[in-house]
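Q: Please take a close look at one part of this model for a newcomer. Keep the sentences short, and then place that part beside a few others.

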Amino acid sequence: MKLVCSQAELNAALQLVSRAVASRPTHPVLANVLLTADAGTDRLSLTGFDLNLGIQTSLPASVESSGAVTLPARLLGEIVSKLSSDSPVSLSCDAGAEQVELTSSSGSYQMRGMPADDFPELPLVENGTALRVDPSSLLKALRATLFASSADEAKQLLTGVHLRFNQKRLEAASTDGHRLAMLTVEDALQAEISVDESEPEELAVTLPARSLREVERLMASWKGNDPVSLFCERGQVVVLAADQMVTSRTLEGTYPNYRQLIPDSFSRTIDLDRRAFISALERIAVLADQHNNVVRIATESATGLVQISADAQDVGSGSESLPAEINGDAVQIAFNVRYVLDGLKAMDCDRVRLSCNAPTTPAILTPANDDPGLTYLVMPVQIRS
């Protein structure tokens, strides 16, 4: 293998694929990245794979001879990142050898790698369901739900986001048991799902949040409006966009029936300016964080004000008032302030509606203009007198 490429492009590619390199590899080769040079296409491909998440990207290179080798991801990344961006980087490795020489204007480095044959192959989906997804729709769905997934590995299914494709619609949902984020995006698919006649025309998968964060990064940097390809087969999903690919295993099991958690109707609604609500909560959170993260929200129908307060025992207390459109009887309800802030920050509306029935039943945050958007359910905290 012998090639010359841009330092900046190689550095960016290494940073990308290194996110799929195992931090505690079960086999030494999983701490490496796979480099594959192709003289026919004049491209260098880089792959990171920890057996659950795989990321592959490629960059243009002047390839004199094709070849493949794996090199330690962290060491290679640190060396390349510190090389001058004004000078191209050359990589050379004799056939059958694992010693790679990396040369720049400032000097040369030798690294010992491992054979490319030792590197596990990325799973490729050949016969499963294939979808062409609008990148902005997928990005919108992920940004609205990823934050509400669980970080508790004991609740493995809840550490992911549930994606449901039906006709041209995409519905994304995530929950950690204390809150639920759900967003439906119409016309997210280029064409209606076409699967085997024996199966319903719907595809539902639950993917790890870690994998979907990489898909989110890929969608955020995606230029143009061309759809991205999503393939699903036998517990594996592949997202393909131009010269980048993310592969992920699915989380097995039946995702909770989250729609049944959302009440059919509400006896109380509070409409507020979203940014003012966020600002007030962030100020009150300074005190709430000192004790148990709990804030109380109380309505005063006569004055048209909502009072937000926190009481941190032995530290202090505080309250703020906000104008609001209040419907229904007065109520005092308490929440974990971090959960409420997460949901408000994931919305892109000017005004938000807080709907509830009682201080002990689920509350819902939605855009106040009734446009379809993020539906965010949060469980209240029991107030002890």
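A: The answer starts with one sheet, moves to a single residue in it, and ends with two helices and the enclosed spaces.

This is a predicted model, where local features need pLDDT of at least 70 and side-chain atom pairs count only at pLDDT 80 or more, while totals for chains, interfaces and linings use all residues. Numbering starts from 1 along each chain as its sequence is written, and side-chain values use heavy atoms, with hydrogens and water left out.

Start with the sheet. It is open and has 4 strands, ordered E22-E21-E20-E24, with antiparallel pairing. Strands (E, at least two residues) and helices (H or I, at least four) are DSSP runs, numbered from the N terminus. Strands pair if DSSP finds at least two bridges between them. Strand E22 (316-323) and strand E24 (332-336) are the edges. Each has a single partner strand, so one side of each has no neighbour in the sheet. From one strand to the next, the twist averages 25°.

Now follow the pairs across the sheet. E22 is joined to strand E21 (residues 305-312) by 8 bridges, in the antiparallel sense. In that pair, Val306 stands opposite Leu322 of E22.

Two helices pack on this sheet. Helix H5 (residues 274-288) touches strand E20 (294-300), E21 and E22. The direction of H5 makes about 175° with that of E22. Helix H6 (residues 337-345) touches E20 and E24, and its direction makes about 85° with that of E24. These angles run from 0 to 180 degrees between N-to-C directions, with axes fitted to C-alpha atoms, for helices over the stretch in contact.

Next comes E20. Of its 7 residues, 5 are buried, so the strand is largely enclosed by the rest of the structure. Buried means under 20% relative accessible area, taken with a 1.4 Å probe on protein chains only. E20 runs antiparallel to E21, and 5 bridges join the two. They also form a hairpin, with 4 residues between them. Gly304 sits in that turn and has a positive phi of about 65°. E20 also pairs with E24, again antiparallel, over 5 bridges.

Which residue of E21 is the bridge partner of Ile297? The partner in E21 is Ile308. In E24, Ile297 has Ile333 as its bridge partner.

Stay with Ile333. This residue belongs to strand E24. Its relative accessibility is 1%, so Ile333 counts as buried. What does Ile333 touch beyond its neighbours within four places in sequence? Its contacts (heavy atoms within 4.5 Å) include Val295, Arg296 and Ile297. Cys356, Ala358, Pro359, Ala363, Pro380 and Ile383 are also in contact with Ile333. Thr361 is 28 residues from Ile333 in sequence, and the two lie 9.5 Å apart in space, C-alpha to C-alpha.

Now look elsewhere, at helix H3 (residues 135-145). H3 is mostly covered, with 8 of its 11 residues buried. Those buried residues are Pro135, Ser137, Leu138, Leu139, Ala141, Leu142, Ala144 and Thr145. The cover over them includes strand E11 (129-133), strand E12 (160-166), strand E13 (169-175) and strand E14 (179-185). Helix H4 (209-220) and strand E16 (228-233) are also part of that cover.

Helix H2 (residues 73-82) has Ala73, Leu76, Gly77, Ile79 and Val80 as its buried residues. Among the elements that cover them are helix H1 (7-17), strand E2 (32-38) and strand E6 (67-72). Strand E8 (99-104) and strand E9 (107-112) also help to cover these residues of H2.

Finally, the lining of the largest cavity. Leu138 of H3 is one of the lining residues, as are Leu163, Leu207 and Leu230. A cavity is a set of 1 Å grid points over the protein atoms alone where a 1.4 Å probe fits but cannot get out, and lining residues have an atom within 4 Å of a point. H4 gives the most to this lining, with 3 residues. H4, strand E17 (236-241) and strand E18 (244-249) each supply at least two. In the second largest cavity, E18 gives the most to the lining, with 3 residues.

Methods:
Buried means under 20% relative accessible area, exposed over 50%, partly exposed in between (1.4 Å probe, protein chains only). On a 1 Å grid over the protein atoms alone, a cavity is a set of points where a 1.4 Å probe fits but cannot get out, and a pocket is an open set with protein on both sides within 12 Å along at least five of seven lines; lining residues have an atom within 4 Å of a point.
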